[in-house]
Amino acid sequence: MDQGRQVFMVDLLERYAAKGSGVVTCMAAGNDVIVLGTSKGWVIRYDFGVGDSNDIDLSVGRSGEQSIHRVFVDPGGSHCIATVVGGGAADTFHTHAKWSKPRLLGRLKSLVVNTVAWNRQQITEASTREVILGTENGQLYELAVDEKDKKEKYIKPLFELTELLEAIMGLQMETASLMNGTRYYLMVVTPTRLYSFTGIGSLDTVFASYLERAVHFMELPAEIPNSELHFFMKQRRVVHFAWLSGAGIYHGGLNFGAQLSSPNGDQNFVENKALLDYSKLSNGAEVVKPSFVAVSEFHFLLLIGNKVKVVNRISEQVVEELQFDLTSESNSRGIIGPCSDASAGLFYAYDQNSIYQVSVNDEGRNMWKVYLDMKEYAAALAHCRNPLQRDRVYLVQAEAAFNSKDFLRAASFYTKINHILSFEEITLKFISVSKQDALRTFLLRKLDNLAKDDKCQITMISTWATELYLDKINRLLLEDDTALENRNSEYQSIIREFRAFLSNCKDVLDEATTMRLLESYGRVEELVYFASLKEQYEIVVAKPRVQGEAKKALEVLWKPSVPVDLQYKFAPDLIVLDAYETVESWMSSNNLNPRKLIPAMIRYSSEPHAKNETHEVIKYLEFCVNRLHNEDPGIHSLLLSLYAKQEDDSALLHFLQCKYGKGLENGPEFFYDPKFALRLCLKEKRMCACIHIYSMMSMHEEAVALALQVDPELAMAEADKVEDDEDTRKKLWLMVAKHVIEQEKGTKRENIRKAIAFLKETDGLLKIEDILPFFPDFALIDDFKEAICSSLEDHNKQIELLKQEMNDATHGADNIRNDISALAQRYAVIDRDEECGVCRRKILTVGMDYRMARGYTSVGPMAPLYVFPCGHAFHSLCLITHVTQLTRCTDETQEERILDLQRQLILLGSESWKEPNGVLTEDSITSLSIVEKESR
């Protein structure tokens, strides 16, 4: 953009605008329509939208010289009000764009109208709606005109200034539609006062309310040749106003959304008020007050003398002086005044003959600089058009803060500069003054402004900021010895800030570099914290482990994100540090494999422990076996080995007696190796356990032999365990008997009595003859006489019992022979038409294919059959098939048994019925001959 180009440009619009009807005295504009008043009473209307013009003579019928005092045009350019003065009289006319003749407003006769306020929100081409007129004698009138009626609907007085009678020089009206009616806001100016009226309802209601209350006004007493009130509109709403008063230009903003109450209860919508003193426009020369004013968005166009000057509303400085191409006739007086078309956003100026258009060329382009020079930085930023302008604003703010030694604030502004200063230049500024805190602030803010794609720069700046944090922490420790204990100290605050920084930047910081930095500065706590953020749990656990804080290490390992392998890795060290907490942690976890904890448990078990101390590993192993139903042989074997090393073997014996696999299908009764258990118990000299293991392994002889060394009663119990092998049981009892006899130390007769008593304990399994070899050869038989006699009597009883059984067997064999002989003579008679009970075919089928002839005996092969005493007959094959089908659903073993018996019968039958040559003879089938039943 060309910064040297003028904001306001002047172009000649119409050279001879008065058309020879005198000179131009006044002008008004609206909607690209300009209306001129001349010194000879003519009103000339230019419609630049359609390129047309027309003129009306208002002096017709009036004597003497007539001049147009004021002309007013509505925002739509259709309605025009003009006041003609001359000959000591004044008349006001209303014209319309469609009318060829004006209409005299008779009720305003002799009243000089100085200003008009249109209802911009409701006026139409057909109707003016309510229009307010301000007169020379301080009165306000309401007027309404309809185009079709060609006359006014009404003209009525509204208000009169009585306290200070002055001419009304300017008038503006704003309306807004509310739920409870229309709200009116009016600003009225006189040469010394600015009045404001506001209310809801009709204009009559609003002004009638001021009969009972004071009118709100502001007074600026001073002389002014022409007091005026102008508004600047944006998007059809008033934004700024300017009052040309004797004391200066009083201006401000209008915010109709605000509800600010004035002291007398009126609503005041004015804000950001200011007064432009005319002395600022003279540059030390004599003060000349403007005679006319126009308002743009950021400037005032002031007619001072015969020159139009452009004054910046914000800086209150003259920025331009407009140059006009004046004719020789107009050059003497110069420009009469400026004029604005608020609807079209255009500005005009006029002299006695010509109309000039003043074009606005992006008047806000340098406003950022104006605000910047005034140190209104927020407004300057709001008016910046490009990044370079914003950088300039930030730079001025940063340098101001830097020069005032507010380095932290300067850092925040330097962060926002992206183009006019490099990153290196800014950082060197802070390094040159040794302001590490400000540099750190700058780096942190810079990180916030960087795009995610700048990964390399983000990592470098983050690492630099990390080092600055660490340097700051160390300096605070050196400066304050109580920093560690005082939680509210700056040291603790910077620690919290640093940890938050690490948490936010964990994904962009280089892991190895950051850890080296933390380690080199001795910040172990922060190193562990960062390691936990990066999920380097080995480092996190190692620190409390080294410091002996097993509980803290376990809390880390308990986190769901920590790999379970780390629990196995650190288990040996942690269980030595705090066995109770470690085992409790294991027992509360459901994702551990106890087998992988065996090295840790072995290490703990190898350490010496007090007698009354709870063995935590045994507690955990019992938990695994009893609660988790663990089947790992390693776990069971380790628990067995720990039990074996205890002085009290009750737990060991209980463990051996519990068959943990008993309920499992096709599973072992125990999950440890019995041979290992036996070796272990022998090594630890746990004899009772060894006896149990021998018995469990069915090594009964070894069990009894070992039990005899411990307790003969235990040996007897072991011998009694064998129930399914009489010989082995007897052998075991003989071992016990031999031991008992050999170990007795009493008299011979007493020993014999004890031996006889021992025989009774065997429940008859051993006889006196079984134990006689264990006595010395010189033992007297008299001592055994009673036992021997008893034994002989038992033998006699057994012999008699055997004789009786033999006689019963002989008698039974005879009966069987007789039954066999009787069976050989048995026969059955069946009808030749008898049917098989299963297949319902003739039972006497020959070869299963031929029917038997009536009255002769078959000599050919015949299907095997069964005849029952009840008279039912069945083919052998049919009956067997039927029976096997019935048994197939209930018992497959029985079915197989039936089929096997069938095969045996077939084989036996074929052997018995055939002759040596393999042919059936007539005699051999006698039993199968069919005898025809007697006639029925």
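## The second largest pocket

The second largest pocket is lined by 39 residues, and those that lie nearest its centre are Ala28, Val71, Phe72, Gln172 and His230. Two or more residues of this lining come from each of strand S2 (24–30), strand S6 (67–73), strand S10 (113–117), strand S14 (170–178), strand S18 (228–234) and strand S28 (337–341). The model in which this pocket is described is a predicted one.

The volume of the second largest pocket is about 870 Å³. Sorted by class, its lining has 22 nonpolar residues, 12 polar residues and five charged residues.

## The protein as a whole

The protein has 936 residues, of which 44% are buried, and its secondary structure comes to 30 helices and 32 strands. Among the contacts in the protein with a separation of 6 or more, 50% are accounted for by residues 24 or more positions apart. The accessible surface comes to about 50700 Å², and carbon and sulfur atoms hold 50% of that surface.

## An open sheet that includes S6

Strand S6, which gives two or more residues to the lining of the second largest pocket, also belongs to an open sheet of four strands, where the order is S6-S7-S8-S9 and the pairing is antiparallel. The edge strands of this sheet are S6 and strand S9 (103–104), each of which pairs on one side only.

Between S6 and strand S7 (residues 79–86), the antiparallel pairing runs over six bridges. At the level of single residues, arginine 70 has threonine 83 in S7 as its bridge partner.

## Serine 78 in the loop between S6 and S7

Serine 78 has its place in the loop between S6 and S7. Its relative accessible area is 11%, and because buried means under 20%, serine 78 counts as buried. Leaving aside residues up to four places away in sequence, serine 78 touches Arg45, Thr95, His96, Ala97 and Glu125.

## The largest cavity

A search of the whole structure finds three cavities of 30 Å³ or more, and the largest cavity holds about 90 Å³ of space. The largest cavity is lined by 13 residues, and Arg45, Asn54, Ile56, Thr95 and His96 lie nearest its centre. Arg45, Thr95 and His96, which are among these residues, are also among the residues that serine 78 touches.

At least two residues of the lining are supplied by each of strand S4 (42–47), strand S5 (52–57), S7 and strand S8 (89–96); of these strands, S7 and S8 also appear in the open sheet with the order S6-S7-S8-S9. By class, the lining of the largest cavity divides into six nonpolar residues, six polar residues and one charged residue.

## Lysine 307 in strand S26

Elsewhere in the sequence, lysine 307 is found in strand S26 (residues 307–312). The relative accessibility of lysine 307 is 41%, and because partly exposed lies between the limits of 20% for buried and 50% for exposed, lysine 307 counts as partly exposed.

When residues up to four places away in sequence are not counted, lysine 307 touches Leu302 and Glu321. Lysine 307 and isoleucine 336 are 29 residues apart in sequence, while the distance between them in space is 9.1 Å from C-alpha to C-alpha.

Terms used. Residues numbered from 1 in each chain as written. Predicted model: local features only at pLDDT ≥ 70, side-chain atom pairs only at ≥ 80, totals over all residues. Heavy atoms only, no water. 1 Å grid on protein atoms, 1.4 Å probe; cavity = no way out; pocket = protein on both sides within 12 Å on 5 of 7 lines; lining within 4 Å. Points joined across faces, edges and corners; volume = space filled by probe spheres on them. Nonpolar A, V, L, I, M, F, W, Y, C, P; charged D, E, K, R; others polar. Pairing = 2+ DSSP bridges. Buried < 20%, exposed > 50% of the residue type's maximum accessible area, 1.4 Å probe, protein only. Contact = heavy atoms within 4.5 Å. Areas by Shrake-Rupley, 256 points an atom, 1.4 Å probe, with all protein chains shown as cover.
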